[in-house]
Amino acid sequence: PRLSDGRRMGFFLGDGAGVGKGRQIAGLVFEQMHRGARRVLWVSVSTDLKWDAERDLADMGAHTCPLVYPKGTAPLPQGKLR
C-alpha cells in the first residue's frame with residue numbers, strides 16, 4: 001500500500017510482552033492480502049517466534065500466505081532500505 005503522495009506505508013508495533021502483538025500483526029497481514037498486497041515484511045527479534053507467527057496467521061485464515069525465513073543465524077543486512 002502507498003500513501004496518497006506515492007510513498008510506501010509501514011507499521012511499527014512496540015507493545016510489551018503478552019499484549020497480543022502477533023495477533024495484531026497477523027490481522028494486518030491478512031487484511032493486506034485481501035487488499036491485493038503481494039509482499040509483507042514481518043520482522044521479529046527471535047527466530048523462535050516464527051512458530052507463533054505461523055500459528056497467528058493460520059488462526060486468521062491466512063493459510064495461503066507464503067512464508068520465507070533466512071537461512072542460518074546470520075545477522076540481517078545493515079544499511080538503508082530502498
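**Asp 15, Arg 38 and the overall fold**

In this predicted model, Asp 15 is found in the segment before H1. With a relative accessible area of 37%, Asp 15 is partly exposed, because that value falls between the 20% limit for buried residues and the 50% limit for exposed ones. Once the neighbours within four places in sequence are set aside, the contacts of Asp 15 are with Lys 21 and Gln 24.

A look at the chain as a whole helps to place this residue. The secondary structure consists of 2 helices and 0 strands. Helix H1 covers residues 21–34 and helix H2 covers residues 50–60. Of the 82 residues in the chain, 11% count as buried. The accessible surface amounts to about 7,300 Å², and carbon and sulfur atoms account for 56% of that area. As for how the chain meets itself, 47% of the contacts between residues at least 6 apart in sequence join residues at least 24 apart.

Turning to the positive charges, Arg 38 sits in the loop that runs between helix H1 and helix H2. Its relative accessible area of 76% makes Arg 38 an exposed residue, since exposed means over 50%. Arg 38 also belongs to a positive surface patch, which it forms together with Arg 2, Arg 8 and Arg 39. Arg 38 thus qualifies on accessibility for this patch, because its 76% lies over the 30% that patch residues must exceed.

Methods:
Residues numbered from 1 in each chain as written. Predicted model: local features only at pLDDT ≥ 70, side-chain atom pairs only at ≥ 80, totals over all residues. Heavy atoms only, no water. Patch = residues over 30% accessible without salt bridge, like charges linked within 9 Å, V, L, I, M, F, W, Y side chains within 5 Å. Areas by Shrake-Rupley, 256 points an atom, 1.4 Å probe, with all protein chains shown as cover. Salt bridge = Lys/Arg side-chain N within 4 Å of Asp/Glu carboxyl O. Lys, Arg positive; Asp, Glu negative; His and termini not counted. Charge placed at Lys NZ, Arg CZ, Asp CG, Glu CD. Helix = DSSP H or I, 4+ residues; strand = E, 2+ residues; numbered from the N terminus. Buried < 20%, exposed > 50% of the residue type's maximum accessible area, 1.4 Å probe, protein only. Contact = heavy atoms within 4.5 Å.
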